Amino acid sequence: MTVLKDATAIVGIGQTPFARQLPETERMLACRAILAALDDAGLAPDEVDALASYTMEETDEVEVAKALGLGDLTFFSKVGYGGGGSCATVAHLAAAIATGQATVGVAWRSRKRGSGPRPWKNTTVQLPTPAQWTRPYGLLRPADEIAMLARRHMHEYGTTRDHLFNVALACRNRANQNPAAMMYERPLTREMYMNSRWISEPLCLFDNCLETDGALACVLVSAERARDCRRTPVYVHSAAQGLPAQHHGMVNYWNDDPLTGPAWTAARHLWKHADLTPDDIDVAQIYDAFTALIPLSLEGYGFCARGEGGAYTEGGALEIGGRLPLNTSGGGLSEAYVHGFNLITEGVRQLRGTSTAQVPDAATCLVTAGEGVPTSALLLRN
């Protein structure tokens, strides 16, 4: 892994507007985000020779390469498990560039989740094995599956709805500073949170991510080449993926320890190959499809001990000026939900010093993908 440490850098980021419904196709949105990222980097489309995206991405490499006029592609990959794949797209490109398989890589995610269908409504496909033991009994949606883990954490460790509110509030406060966020200028209060409708108890409306149309992209090159690009480079210091033994995805109820999720596996690998520890992290962009994933991730990535993730959120810990400023663009809860890719781009902005909720002198950032599914993570530095 030393071959990857600081060997590559993110030099361009781009995105489309975010909304509940956008008129463009997913391919058009993808192309716009990629072109914006290349322009940000000062690179031409025909210089791109590597692509990485998600298996759930509807726009494939052939369509993107033809539409944008990319060069010969010598590396391309897709990562599974929805939001668990976000950081892995960058990790795959970093590995390809560091080992000479490619020179300019683009990762992207384009999604019309706001105006499109909900995946779990498709009743014509055969259920994966774990779901055959849960969906017939009412666990139909990701919200239902994570609600079970949230309730278990509450039962075992005394986590409360106020702790989950702290997460929702921190994300909403940052979105209120971000004109690009869907929840810009839409404040959240404790009263609003506590009185909102249940989605899947104990998760209420504000514990759930947004439904968004939009696209984002980033551009990677070698550390040497990054020095000549248009923007300040943000280096990929460490990267990891994680799938624990005998894991069952979000319905991880049948092993000895359901609350030890993929974050724990990814974290061990991430920190093992880094010169940093959790104490060295200035700002974090932690996957937040649901508020309950934050306490689980805080524990998994080593910011607090097992069972202390809820209490960690107290006293403004996740706000600017707190001990771990979190999801500073608003995250999936309040900026946009595009399978976590906006967490990567916001991590880059923080280390460039251009965030709308800038952490003073931020030099290191943890970015994580979805907890509860096979996951991935990045350590970025400037």
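Gln 285 is in contact with Asn 327, Thr 328, Leu 343, Glu 346, Gly 347, Gln 350, Cys 365, Leu 366, Val 367 and Thr 368, leaving aside its neighbours within four places in sequence. The model is a predicted one. In it, Gln 285 belongs to strand β9, which covers residues 283-285. Its relative accessibility is 0%, so Gln 285 counts as buried, the cut-off for that word being under 20% relative accessible area. Among the contacts of Gln 285, Thr 328 also takes part in a polar contact: the two side chains meet at 3.1 Å.

A record covers this part of the chain. In UniProt, an unreviewed entry lists residues 256-374 as "domain: Thiolase C-terminal". Over residues 256-374 the chain is 33% helix and 7% strand. The C-alpha atoms at the two ends of that range are 18 Å apart.

His 339 sits in the loop between α12 (331-334) and α13 (341-352). With a relative accessible area of 4%, His 339 is buried. Its backbone is also worth a note: phi is positive, at about 55 degrees, although His 339 is not a glycine. Asp 6, found in the segment before β1 (8-15), likewise has a positive phi without being a glycine, with a value of about 60 degrees. Most residues other than glycine have a negative phi, and most peptide bonds are trans. A cis peptide bond joins Glu 201 and Pro 202, with omega at about 15 degrees. Pro 202 is placed in the loop between β5 (198-200) and β6 (203-204).

The backbone angles can be set side by side.

| Residue or bond | Angle | Value |
|---|---|---|
| Asp 6 | phi | about 60 degrees |
| His 339 | phi | about 55 degrees |
| Glu 201 to Pro 202 | omega | about 15 degrees |

Gln 246 is another loop residue, lying between β8 (234-242) and α9 (262-272). Is Gln 246 buried or exposed? Its relative accessible area is 64%, so Gln 246 is exposed, since that word applies over 50%. Not counting residues up to four places away in sequence, Gln 246 touches Asn 252 and Asn 255. Gly 83 is 163 residues from Gln 246 along the chain, and the C-alpha atoms of the two are separated by 20 Å.

The second largest pocket has a volume of about 230 Å³. Which residues line the second largest pocket? They are Glu 26, Met 56, Glu 58, Arg 109, Ser 110, Arg 111, Lys 112, Arg 113, Gly 116, Pro 117, Arg 118 and Pro 119. Sorted by class, this lining has 7 charged, 3 nonpolar and 2 polar residues. Strand β4 (residues 104-112) supplies the largest share of the lining, 4 residues.

Ser 110 is one of the lining residues, and its place is in strand β4. At 0% relative accessibility, Ser 110 counts as buried. Apart from residues up to four places away in sequence, Ser 110 touches Glu 26, Leu 29, Ala 30, Glu 57, Gly 214 and Ala 215. Glu 26, which also lines the second largest pocket, has its backbone oxygen 2.7 Å from a polar atom of the side chain of Ser 110.

Terms used:
Residues are numbered from 1 along each chain as its sequence is written. This is a predicted model: local features need pLDDT of at least 70, side-chain atom pairs count only at pLDDT 80 or more; totals for chains, interfaces and linings use all residues. Side-chain values use heavy atoms; hydrogens and water are left out. Buried means under 20% relative accessible area, exposed over 50%, partly exposed in between (1.4 Å probe, protein chains only). A polar contact is a pair of N or O atoms within 3.5 Å; within protein, one must be able to donate a hydrogen and the other to accept it, and residues adjacent in sequence count only if both atoms are side-chain atoms. Contact means heavy atoms within 4.5 Å. On a 1 Å grid over the protein atoms alone, a cavity is a set of points where a 1.4 Å probe fits but cannot get out, and a pocket is an open set with protein on both sides within 12 Å along at least five of seven lines; lining residues have an atom within 4 Å of a point. Grid points are joined across faces, edges and corners, and a volume is the space filled by probe spheres set on the points. Ala, Val, Leu, Ile, Met, Phe, Trp, Tyr, Cys and Pro count as nonpolar, Asp, Glu, Lys and Arg as charged, and the others, Gly among them, as polar. UniProt positions are given in the numbering used here, feature names are shortened, and annotations may be inferred rather than shown by experiment.
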